[in-house]
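Reader: Could you take me for a close look at the largest pocket, please? I would like to know which part of the chain gives the largest share of its lining.

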Amino acid sequence: MRKNIVAGNWKMNTTVPEGVQLAKEVCEAVSSAQGLKCDVIVGVPFTHLTAVRQVIDINKVGLAAQNCADHTSGAYTGEVSAAMVASTGANYVILGHSERRGYYNETPEMLKEKVDMALANGLKVIFCCGESLEERENGSFKEVIGGEIRDSLFHLTAEQMANIVIAYEPIWAIGTGKTATSDQAQEIHALIRGLLADKYGAQVADDTTILYGGSCKPSNAPELFAKPDIDGGLIGGASLKAADFMGIVTAF
Ligand code: PGA
């Protein structure tokens, strides 16, 4: 049976001391919460991984980087490899976020390499996909989302898919306050699960966690998470305050 997950994506926010404080608050709140129905992850800047790892209980709160390099090691100034991320004690990496695809020109081919690097180093991947407003309006969105998944994930084996979480994040809903309706999100989550079923069979499709991201907050999370194919959320803005984040974690 697939897991429910609520993952924070802090993006480029917080200094190291601020991030350590936020992570401590999240870990304390998760530790004292009764009967949580989801796993909780914080996705922090590279600079924060080691320090945050020291103040969380990794069995209660997972730790994600927000990117990793598409090469193993060597002369790639400024890059951080999957092995480096894993060596901090992090257990997840977020890959393919639309901000990385859009601002840093990450291509499906690069993401395929990054996925392979992450899995080879024992990291689980939160793989993001989603359409722009233009693609939503011109009707190409289903093809766009299917392409993103096929091009960067469908070289994996069924066994490897057990370490992949997919996050559907419509770009027009990210940081805009404009959430996809729960029906719009459910439609795409079911489509993604259908693609997985066609490629890998019903078992893999059933076992894959598919998160929704885009202006998810405590007020709309219960309705989104009630949908059969929405298994949690990837949370940006609302993950920067422990109380808001916990309001989403407890939405199941
Ligand atoms: P948001 O971001 O919750 O601030 O819309 C979500 C994301 O980009 O992962």
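Author: Helix α4 (residues 98-103) does, supplying three residues, the largest share of the lining of the largest pocket. Helices here are DSSP runs of H or I with at least four residues, strands are E runs of at least two, and both are numbered from the N terminus. The model is a predicted one, where local features need pLDDT of at least 70 and side-chain atom pairs count only at pLDDT 80 or more, while totals for chains, interfaces and linings use all residues. Residues are numbered from 1 along each chain as its sequence is written, and side-chain values use heavy atoms, leaving out hydrogens and water.

What is a pocket, then? On a 1 Å grid over the protein atoms alone, it is an open set of points where a 1.4 Å probe fits, with protein on both sides within 12 Å along at least five of seven lines; lining residues have an atom within 4 Å of a point. The space in the largest pocket comes to about 450 Å³, a volume filled by probe spheres set on the points, which are joined across faces, edges and corners. Its lining has 15 residues, and Lys11, Met12, Gln66, Arg100 and Tyr104 are the closest to the centre. By type, seven lining residues are nonpolar, five polar and three charged. Here Ala, Val, Leu, Ile, Met, Phe, Trp, Tyr, Cys and Pro count as nonpolar, Asp, Glu, Lys and Arg as charged, and the others, Gly among them, as polar.

For company, the second largest pocket holds about 250 Å³ of space. Its lining has 16 residues, with Ala162, Ile164, Asp207, Thr208 and Thr209 closest to the centre.
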